[in-house]
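The following exercises are to be worked through with the sequence and the structure at hand. Each task is followed by a solution that proceeds step by step.

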Amino acid sequence: PTVAAAPAPPRPAAARGKVEKATAKPKVARIAKTFPGELPAEFDAIAAQLGKPKRRVRGVAGRLGLLLVGALQGVYGAAPGRALRELEAAVSDHRFFRTELAIAANVMLNLLLYPCVCGAIAVTLGWAGLFTADMRWWVALGLFIAVGEAAWRLRESFFRGVPLAETTPRGALYAPLVLPLVAITKSLAGSRGAASGVGFDGFSEGEERYDEKLERARRYGNVYKLEERDDAYVLRVEFPRRVPPTSLGTQLGLPAEMPDYDFELALRDGAFVVHAKVIDPDVRKLTAVAPAFPGEFTTQVALRDPVTGFRHRYEDKTLEVILPKAVA
């Protein structure tokens, strides 16, 4: 016997007078490109071959100087995080100095230093004897100050769990006394690389159309960092992350996230050149009306030593380039 097919369910009547909201354009995956002068090995393979930053030490004085820097990490750690990262870039060797280790060593040092200072003040002013029961209150005060200061300096890590490497810790109470020592050490270590960016990003005051200075600098290619090592250069260039807030962008229904730029990389006359441009046709319309939004930018970073080539990687709006030195 044959079975009759079930009738298809009736289609719902289309709603009249209703305009459907346009859906966001799907993201287009960026095709990996290879440029003239690019090395055949993969980025991760070259990075693994280079290993951790190390510095060639020439002479007994240079080796003793780096050993002294490593021994005094707890003292250097009293300086603000920005000064410590600049010192780390100048030393350029994690065997002798690392920002996170210096801060941790300083916190431990303060747990001993502050009780001793409080006790010394109490003895000097005659408020307590050195081996009396009253001294325990001054020792406790010093411990309380040390713990409270550490919590204030590292409050993003203490209370929100932000990794220490992603924060800029504050300096200790005696940071102004340590900053001259940091400056002298940086000058003796010498310049290692270069950086460009925005020192102060301003205030938003809750305005919707506030445009960050850091984003403006990214649109001009002015946010980059060049790390110089004895065996290679490591360049990081930050690309724009957000579309500038304009009324035209709202009319076009543009997303808040900036689409990926197209870029070209080249070694030219002892410098590394990054040329990038906006390729999204709708976003490119904003370059004519939005302030501080060029359609393309060129970043040129001078290299002091010759290199054998380069290898790049682009992830999360950040371009990373490794340039092995020819002398290595």
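Angles under 35 degrees count as roughly parallel, over 145 as roughly antiparallel, 65 to 115 as roughly perpendicular, and the rest as oblique. The model to which this is applied below is a predicted one.

**Exercise 1. Two helices**

Task: Classify the mutual orientation of helices α4 and α5, and state the handedness of their crossing.

Solution: Begin with the extents of the two elements, helix α4 covering residues 81-91 and helix α5 covering residues 99-124. The axes of α4 and α5 come within 9 Å, and they cross at roughly 130°. This angle of roughly 130° has to be set against the ranges above, where what is neither under 35, nor over 145, nor from 65 to 115 counts as oblique. The helices α4 and α5 are therefore oblique to each other. As a last step, the handedness of the crossing of α4 and α5 is right-handed.

**Exercise 2. Salt bridges within and between elements**

Task: For the pairs R82 and E86, R236 and E320, and K325 and D305, give the N to O distance, the place of each partner in the chain and its exposure.

Solution: The count of salt bridges in the model comes to 25, and these pairs are taken from among them. In the pair R82 and E86, the closest N and O atoms are 3.9 Å apart, which satisfies the cut-off of within 4 Å. Both R82 and E86 lie in helix α4, four residues apart, or about one turn of the helix. R82 counts as exposed because its relative accessibility is 54%, whereas E86, at 37%, counts as partly exposed.

Turning to R236 and E320, their side chains meet in a salt bridge at 3.4 Å, N to O. This pair links distant parts of the chain, since R236 belongs to strand β3 (residues 232-238) and E320 to strand β8 (residues 318-324), 84 residues apart. R236 is partly exposed at 33% relative accessibility, while E320 is buried, with a relative accessible area of 17%. R236 and E320 also belong to a network of salt bridges that includes D44, E227 and R313.

For K325 and D305, the side chains meet at 3.0 Å, N to O. Here too the pair links distant parts of the chain, with K325 in the segment after β8 and D305 in the loop between β6 and β7 (311-315), 20 residues apart. K325 is buried, its relative accessible area being 5%, whereas D305 counts as partly exposed at 25%.

**Exercise 3. Positive phi outside glycine**

Task: Locate D269 and A292, and decide whether each is buried, partly exposed or exposed.

Solution: Phi of D269 is near 55°, a positive value in a residue other than glycine, and phi of A292 is likewise near 55°. D269 is placed in the loop between β4 (262-268) and β5 (271-277), and A292 in the loop between α11 (281-286) and β6 (296-302). D269 counts as exposed because its relative accessibility is 77%, whereas A292, with a relative accessible area of 21%, is partly exposed.

**Exercise 4. A nonpolar surface patch**

Task: Which residues form the nonpolar patch on the surface, and how is L113 placed within the model?

Solution: The patch consists of L109, L113, V117, I121, L125 and W127, with about 520 Å² of accessible area together. L113 lies in helix α5, and it is partly exposed, with a relative accessible area of 32%. That value is over the 30% required of a patch residue.

Notes
Residues are numbered from 1 along each chain as its sequence is written. This is a predicted model: local features need pLDDT of at least 70, side-chain atom pairs count only at pLDDT 80 or more; totals for chains, interfaces and linings use all residues. Side-chain values use heavy atoms; hydrogens and water are left out. Patches are made of residues with over 30% relative accessible area and no salt bridge: like charges are joined within 9 Å, nonpolar side chains (Val, Leu, Ile, Met, Phe, Trp, Tyr) within 5 Å. Accessible areas come from the Shrake-Rupley method with a 1.4 Å probe; for residues, only the protein chains shown count as cover. Buried means under 20% relative accessible area, exposed over 50%, partly exposed in between (1.4 Å probe, protein chains only). Axes are lines fitted to C-alpha atoms, for helices over the stretch in contact, and angles run from 0 to 180 degrees between N-to-C directions. A crossing is left-handed if the near helix is turned anticlockwise from the far one by less than a right angle, and right-handed if clockwise.
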